[in-house]
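Dear colleague,

Please find below the structure that I am handing over to you. A summary of the findings comes after it.

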Amino acid sequence: MEKSPRASRFDWQRWLPGLATLLHYQPTWLPRDLAAGLVLTTMLVPVGIAYAEASGVPGIYGLYATIVPLLAYALFGPSRILVLGPDSALAAPILAVVVQYAASDPQRAIAIASMMALVAGAFCMVAGLLRLGFITELLSKPIRYGYMNGIALTVLISQLPKLFGLSFDSQGPLRDLWQLAQALFAGQGHWPSFAVGGASLALIVLLKPYKRLPGILIAVVLATVAVSVLNLDQQGVKVLGELPQGLPSFTFPWLSDIDLVEVLLGGIAVALVSFADTSVLSRTYAARLKAPVNPNQEMFGLGVANLASGLFQGIPISSSSSRTPVAEAAGSKTQLTGIIGALAVTLLVLVAPNLMRYLPNSALAAVVIAAALGLFEFADLKRIFRMQQWEFWLSFTCFVGVAVFGAIPGIGIAVVISVIEFLWDGWRPHFAVLGRVDGTRGYHDIERHPHARRIPGLVLLRWDAPLFFANAEQFHNTVMAAIDESPTPVQRLVVAAEPVTSIDITSADMLAELDRILESRGVELQFAEMKDPVKDKMKRFELFHCIGAQAFHPTVGAAVDAYLKDTGVDWQP
């Protein structure tokens, strides 16, 4: 059966939302997009170079990773406002793999970084096609804070040696900090480099509150002029040097003499961090623009952009929380802003690469350090500590894991902690024995309402969690304890199952065994308010008919009425 033209149009618009926007482009948007694109370029260049250097690859590849992804996302990305490119949050996981296998060889470094971009791109694209855009929500807010604080500290420490004009092989965040301290105490710091970098950092921080002033651009330009005019490069201040002239070529990156598992895990870690940042930023601007959010298409578009970056000598990329606000403040209306920015960077690389020859490395380090400072989250952690201390300590544990072991193991620690947190909540869920409170409708927790009246011979038990392998034994023990502690001999137990959203094989087998044990003690097992999807699972597990259709009641009140009718117990609701 052929699809209608309308269905076909809908399909391609779904996969190429940027192209759909451009086809419906309004001429009145062009001046604003053009101006925003040119303003954006002033940040794309220094930031792209700085984050590439922070990732362990030459600065030119940061520009390549700016040009190609912006063009790719303009077609496949659903957000009209997001700006993509190299990002400070990705520098640590990229650097962790690059420094291990590159051996100070820039060609090996970019090959490894490009391989990670391919892995990240493929992961995001497949996840988007499988509609797995929800996966980043598996990390709770405190754990995300812990991870990002660890990343921020790792990035900051990685740039401190460059700020002081030093260079040594990375051995991990804390060891690097110790090496730096030893070098400074030994008098090895290069203070002219620190003067340039420190002044640049101070200027960026001071100008940050003034949103309309391009603080990064101002600091970088002044630092470059100072080095050129005062000949500081001849006094030992390390500079970027002459950039290669030309555009990136299509290259499939491959190195066989490295641990591909490390590259794979690093690429996946980058993908998770990248999409977590992108999804948050996308939702923020979608709310401002009153536009819908499509996390699956967002993941797919991010994947295409990373894939394109990896195939054209680029590094992994993400959305930018610093460049996106610049584009918005400059009046950006559509993805054309990113296209104009990419074309302007391309023109710079082709025509005037020497403009950045005297750009000092310590100033680039200052740009990355300023971005890392913006990644730290303390204010909300104070609130979390005040409200629920154990979640604060989870966040702190994740932070220490990243700071001590590095970014790649850190993402693993974050995921493991999240899984443990989830299992812990389901493993020991809240439950309540219910009774009738005079003057209040329904049935309520007898611990919170000690004067609640209980029905003789009936136990009403509410279980506030799904039933699965981790809490099946706990549910069994809870039921038996509730029966043993009943003030009257129990004839029937009714589980108020409205909060039970799912069961698995383990819990189904437990219920079958529990039914047999209760039956041997003369106690009937019944349920109230169970959701239909859960009933469907019970039927599939051959449990529904075993217990009996009459054992399922639409409400707790109906279960109580049925009990009173069946047993003749004299009790007034």
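The following paragraphs describe the overall build, the cores and one residue in a loop.

Please note that this is a predicted model. The protein contains 23 helices and eight strands, and its C-alpha trace spans about 100 × 70 × 50 Å along the principal axes. Of its 573 residues, 53% are buried. The accessible surface amounts to about 26700 Å², and carbon and sulfur atoms account for 62% of that area. When contacts between residues at least 6 apart in sequence are considered, 80% of them join residues at least 24 apart. As for charge, the mean positions of the 41 positive and 43 negative charges lie 9 Å apart.

Turning to the interior, the largest nonpolar core comprises 96 residues. Ile 49, Val 57, Leu 63, Ile 112, Tyr 147 and Met 356 have the most contacts inside this core. Helix α6 (residues 106–129) supplies its largest share, namely 11 residues. There is also a second, separate core of 35 residues, with Val 433, Ala 482, Ala 497 and Leu 543 among them.

One residue may merit your attention as you look through the model. Thr 334 sits in the loop between α13 (323–329) and α14 (336–351). Thr 334 counts as buried because its relative accessibility is 1%, and the cut-off for buried is under 20%. Leaving aside residues up to four places away in sequence, Thr 334 touches Thr 21, Tyr 25, Trp 29, Asp 33 and Arg 80. With Asp 33, the contact is polar and runs from side chain to side chain at 2.7 Å.

Yours sincerely

Key:
Residues numbered from 1 in each chain as written. Heavy atoms only, no water. Core = buried A, V, L, I, M, F, W, Y, C linked by side-chain atoms within 4.5 Å. Buried < 20%, exposed > 50% of the residue type's maximum accessible area, 1.4 Å probe, protein only. Helix = DSSP H or I, 4+ residues; strand = E, 2+ residues; numbered from the N terminus. Contact = heavy atoms within 4.5 Å. Areas by Shrake-Rupley, 256 points an atom, 1.4 Å probe, with all protein chains shown as cover. Lys, Arg positive; Asp, Glu negative; His and termini not counted. Charge placed at Lys NZ, Arg CZ, Asp CG, Glu CD. Polar contact = N/O pair within 3.5 Å; in protein donor to acceptor, adjacent residues only side chain to side chain.
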